[in-house]
Amino acid sequence: MSATVKHFPAIADPHLIHQYLKADGVVVIEGATTRESIDGVLEETGTVLAGQTFALAAKSSTFATELLMNPLFIDLAKRILTDTCIVFYEQDRTVSISEPQVSQTSMLCAEPGSAPWGLRRQDDCHHISHPAKRESDLGIMYAANDFTTENGAVRVVIGSNNWTDQRDPTEEEESLVELRKGDALLWLGSTYHGRASNTTDQASVLLSAIATPGYLRQEENQYLAVPWEVAEQYPTTVQRFLGYSVSRPYGGAVEHMEPLDYLKVKGDWSKYVPVDLI
């Protein structure tokens, strides 16, 4: 018999959730966002296409400023994906911190009669060997409507984040996760997950965001997927999470400048106040 995914309220202690994520690779957060916020995203995106629609952070400001920046998701992303290194320069040693960035945002729509979405690991993009010495991805999926076993529930293999690459998941090891509208599923990139088939006459929609360390390449090129003309309308915290910041010491710099500083002065060195990128 398959295991059961652990459920937490949105106000649960992030430290406790982190422990279960490390053990099981997946948890459910009940009431992770409001139904009003979900409706706001759907209104801004308009017609939902079957399959996967990318660049959701560009298509919905509500998603970019609220769901993407969910405090619990950001807290756990920093716990799991932040990395530090010691940088030696001349006679000094300094700790450089690389913080998480957005890897991909998307909408997943299972139309009536749609086939299952095959099991996969999110960290395939980052060429990770398993069990992962260090996680490269953390994802969150919000249910845009009630999810049941009939209309496209999320398929997960609990504990598969601890497996080697030689072990393949079986049907008996899968768990189907049902969600209420506004609930969210958090999963590690090393955990097998997918979607069940939709045997009902109504579509089911998931709103998804994935974070990755600042020193890794983003699965979706955020600077093209979310062009600056859109990103500049967002708060600085969103801009930095989308990747408009340096992964210390130097990753992602422009003219050895922080991207946001470069954009502010439009590359004019005479207006730039130098900062130490280390």
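This passage describes the sheet, helices, domains, pockets and backbone features of a predicted model.

The domain assignment divides the protein into domain 1, residues 6–245, and domain 2, residues 247–277. Their C-alpha centres are 29 Å apart. Contact between the two involves 13 residues of domain 1 and 8 residues of domain 2.

An open sheet is built from 7 strands. Their order is β1-β2-β11-β8-β13-β6-β3. The pairing is mixed. One edge is formed by β1 (7–9), and the other edge strand is β3 (51–54). Each of these edge strands pairs on one side only. From one strand to the next, the twist averages 25°.

Within this sheet, β2 and β11 are neighbours in the strand order. Strand β2 covers residues 26–30, and strand β11 covers residues 184–188. The two pair in the antiparallel sense, over 4 bridges. Val 26 has Trp 187 of β11 as its bridge partner.

Two helices that lie across strands of the sheet were examined. Helix α1, residues 14–24, lies across β1, β2, β8 (138–143) and β11. The helix runs at about 145° to β2. Helix α5, residues 71–81, lies across β2, β8, β11 and β13 (204–212). Its direction is at about 160° to β8. Strands β2, β8 and β11 thus appear under both α1 and α5.

Pockets were then considered. The largest pocket has a volume of about 450 Å³. Its lining comprises 22 residues. Closest to the pocket centre are Glu 99, Pro 100, Arg 240, Phe 241 and Ser 245. Helix α5, strand β5 (92–98) and helix α8 (236–242) each give two or more residues to this lining. By class, the lining residues of the largest pocket are 8 nonpolar, 9 polar and 5 charged. Both domains take part: at least three lining residues come from each of domain 1 and domain 2.

The second largest pocket holds about 180 Å³ of space. Its lining includes His 18, Lys 22 and Ile 80. Also in this lining is the run Pro 131, Ala 132, Lys 133, Arg 134 and Glu 135. Asn 161, Asn 162, Leu 188 and Ser 190 line the second largest pocket as well. The residues of this lining divide into 4 nonpolar, 4 polar and 4 charged. Some of them belong to elements described above. Helix α1 spans residues 14–24, and His 18 and Lys 22 are in the lining. Helix α5 spans residues 71–81, and Ile 80 is in the lining. Strand β11 spans residues 184–188, and Leu 188 is in the lining.

The backbone has several features of note. Most residues other than glycine have a negative phi, and most peptide bonds are trans. The peptide bond from His 130 to Pro 131 is cis, with omega near 0°. Pro 131 sits in the loop that joins β7 (117–121) and β8. This proline is also one of the residues lining the second largest pocket. A cis peptide bond also links Arg 248 to Pro 249, with omega near 10°. Pro 249 is placed in the loop between α8 and α9 (259–265). Domain 2, residues 247–277, contains this bond. Ala 55 is not a glycine, yet its phi is positive, at about 55°. Ala 55 lies in the loop between β3 and α3 (56–59). Strand β3, which precedes this loop, is an edge strand of the sheet.

Key
Residues are numbered from 1 along each chain as its sequence is written. This is a predicted model: local features need pLDDT of at least 70, side-chain atom pairs count only at pLDDT 80 or more; totals for chains, interfaces and linings use all residues. Side-chain values use heavy atoms; hydrogens and water are left out. Two strands pair if DSSP finds at least two bridges between them. Axes are lines fitted to C-alpha atoms, for helices over the stretch in contact, and angles run from 0 to 180 degrees between N-to-C directions. Contact means heavy atoms within 4.5 Å. On a 1 Å grid over the protein atoms alone, a cavity is a set of points where a 1.4 Å probe fits but cannot get out, and a pocket is an open set with protein on both sides within 12 Å along at least five of seven lines; lining residues have an atom within 4 Å of a point. Grid points are joined across faces, edges and corners, and a volume is the space filled by probe spheres set on the points. Ala, Val, Leu, Ile, Met, Phe, Trp, Tyr, Cys and Pro count as nonpolar, Asp, Glu, Lys and Arg as charged, and the others, Gly among them, as polar. Domain bounds come from an automatic or database domain assignment.
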